[in-house]
Amino acid sequence: MSLNRSEKEAVISEVTSLAAKAQTLVIAEYSGITVTDMTKLRSDARSKGVSLSVLKNTLARRAVAGTSFEVVADQMTGPLIYGFSVDAVAAAKVVADFAKTNDKLVIRGGAISGKVLDANGVKQLSNIPSKEVLLAQLCGLLMSPMSRTAVVLGALAAKKGEGEAVAA
């Protein structure tokens with residue numbers, strides 16, 4: 001099905017707005033994936049805040065022109081699915097996790113903050129914990145010295161309290 005000029009402009013503007021908000025773009029080949037599997041992938045992506053689109057490559061190149069994702073325009077050939085995410089690791093995580101269970105989805109590459117990622121770079125990015133997990137780990141690190149100090153002070157107070165009880 002061919003799109004007319006106004007439909008193409010609408011697609012380009014939609015993808016341009018996605019690219020403007022996103023931190024990460026992941027590109028993967030999807031040849032041979034069943035409709036059921038593609039639906040599952042899109043549902044999983046949507047629940048994690050990732051926008052997955054199957055686009056004509058020429059429209060995708062025009063949409064990312066002038067953005068930080070323009071660096072991967074030369075990789076936009078063949079049947080591709082484009083994953084944009086505001087969270088730096090979400091798109092990589094969704095696509096890489098799906099590719100582990102479905103060998104028909106082949107990660108081609110991607111971009112983050114204007115830097116090109118190859119397939120291994122996308123896989124490494126997918127291994128980074130999410131923002132929420134990293135924040136929880138940071139809070140744990142910040143709380144650790146305080147909780148240790150509280151335990152030591154509590155033990156000293158208990159010991160001092162035992163000494164006063166014996167003296168009385």
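This is a short talk about how some helices and single residues sit in one protein model.

Okay, hi everyone. Before anything else: what you have in front of you is a predicted model. I'll start with two helix pairs, then walk through a few residues one at a time.

So, helices. When two helices pack, people describe the pair by the angle between their axes and by how far apart those axes are. Let's do that for our first pair, α1 and α3. Helix α1 covers residues 5-21 and helix α3 covers residues 57-64; their axes come within 8 Å and cross at roughly 50°. What do we call that arrangement of α1 and α3? An angle over 115 and up to 145, or from 35 up to 65, falls in the oblique class, so α1 is oblique to α3. The crossing of these two helices is right-handed.

Which residues of α1 and α3 make the contact? From α1 we have Lys 8, Val 11, Ile 12, Val 15 and Thr 16, and from α3 we have Leu 59, Arg 62 and Ala 63. Sort the α1 and α3 contact by class and you get five nonpolar residues, one polar and two charged.

Let's stay with one of those, Leu 59. Leu 59 is in helix α3. Is Leu 59 buried or exposed? With a relative accessible area of 5%, Leu 59 is buried. Leaving out residues up to four places away in sequence, Leu 59 touches Leu 3, Lys 8, Val 11 and Ile 12. Now take Ala 20: Leu 59 and Ala 20 are 39 residues apart in sequence, and their C-alpha atoms are 16 Å apart.

Helix α3 also holds Asn 57. Asn 57 has a relative accessible area of 15%, and the cut-off for buried is under 20%, so Asn 57 counts as buried. What does the side chain of Asn 57 pair up with? The side chain of Tyr 82, through a polar contact of 2.5 Å. Again skipping residues up to four places away in sequence, Asn 57 touches Met 76, Thr 77, Gly 78, Leu 80 and Tyr 82.

After α3 comes a loop that leads to β3 (80-85), and Gly 66 is in that loop. Gly 66 is exposed, at a relative accessible area of 69%. Remember Thr 16 from the α1 side of the helix contact? Gly 66 and Thr 16 are 50 residues apart in sequence, yet 9.4 Å apart in space, C-alpha to C-alpha.

Second helix pair: α4, residues 90-101, and α5, residues 119-126. Their axes come within 8 Å too, and they cross at roughly 105°. That angle makes α4 roughly perpendicular to α5. Ala 92, Lys 93 and Ala 96 of α4 meet Val 122, Leu 125 and Ser 126 of α5. By class, the α4 and α5 contact has four nonpolar residues, one polar and one charged.

Leu 125 turns up again when we look at Thr 24, since Thr 24 touches Leu 125. Thr 24 is in strand β1, residues 24-29. How accessible is Thr 24? Its relative accessibility is 0%, so Thr 24 counts as buried. The side chain of Thr 24 reaches the backbone oxygen of Ala 88 at 2.6 Å. Other residues that Thr 24 touches include Phe 69, Phe 84, Val 89 and Ile 112.

Next stop, the loop between β1 and α2, where we find Thr 34. Thr 34 is partly exposed, at 42% relative accessibility. A polar atom of the Thr 34 side chain lies 3.2 Å from the backbone nitrogen of Asp 37. As for Ser 2, Thr 34 is 32 residues from it along the chain, with 23 Å between the C-alpha atoms.

In helix α2 itself, residues 35-47, there's Ser 43. Ser 43 counts as partly exposed, at 41% relative accessibility. Ser 43 and Asn 120 are 77 residues apart along the chain, and their C-alpha atoms are separated by 24 Å.

Last one, and it's a slightly odd one. Most residues other than glycine have a negative phi. Ser 113 has a positive phi, near 50°. Where is Ser 113? In the loop between β4 (106-112) and β5 (115-117). Ser 113 is exposed, with a relative accessible area of 56%.

That's my tour, thanks for listening.

Conventions:
Residues numbered from 1 in each chain as written. Predicted model: local features only at pLDDT ≥ 70, side-chain atom pairs only at ≥ 80, totals over all residues. Heavy atoms only, no water. Axes fitted to C-alpha atoms, helices over the stretch in contact; angles between N-to-C directions. Helix = DSSP H or I, 4+ residues; strand = E, 2+ residues; numbered from the N terminus. Left-handed = near helix turned anticlockwise from the far one by under 90°. Contact = heavy atoms within 4.5 Å. Nonpolar A, V, L, I, M, F, W, Y, C, P; charged D, E, K, R; others polar. Buried < 20%, exposed > 50% of the residue type's maximum accessible area, 1.4 Å probe, protein only. Polar contact = N/O pair within 3.5 Å; in protein donor to acceptor, adjacent residues only side chain to side chain.
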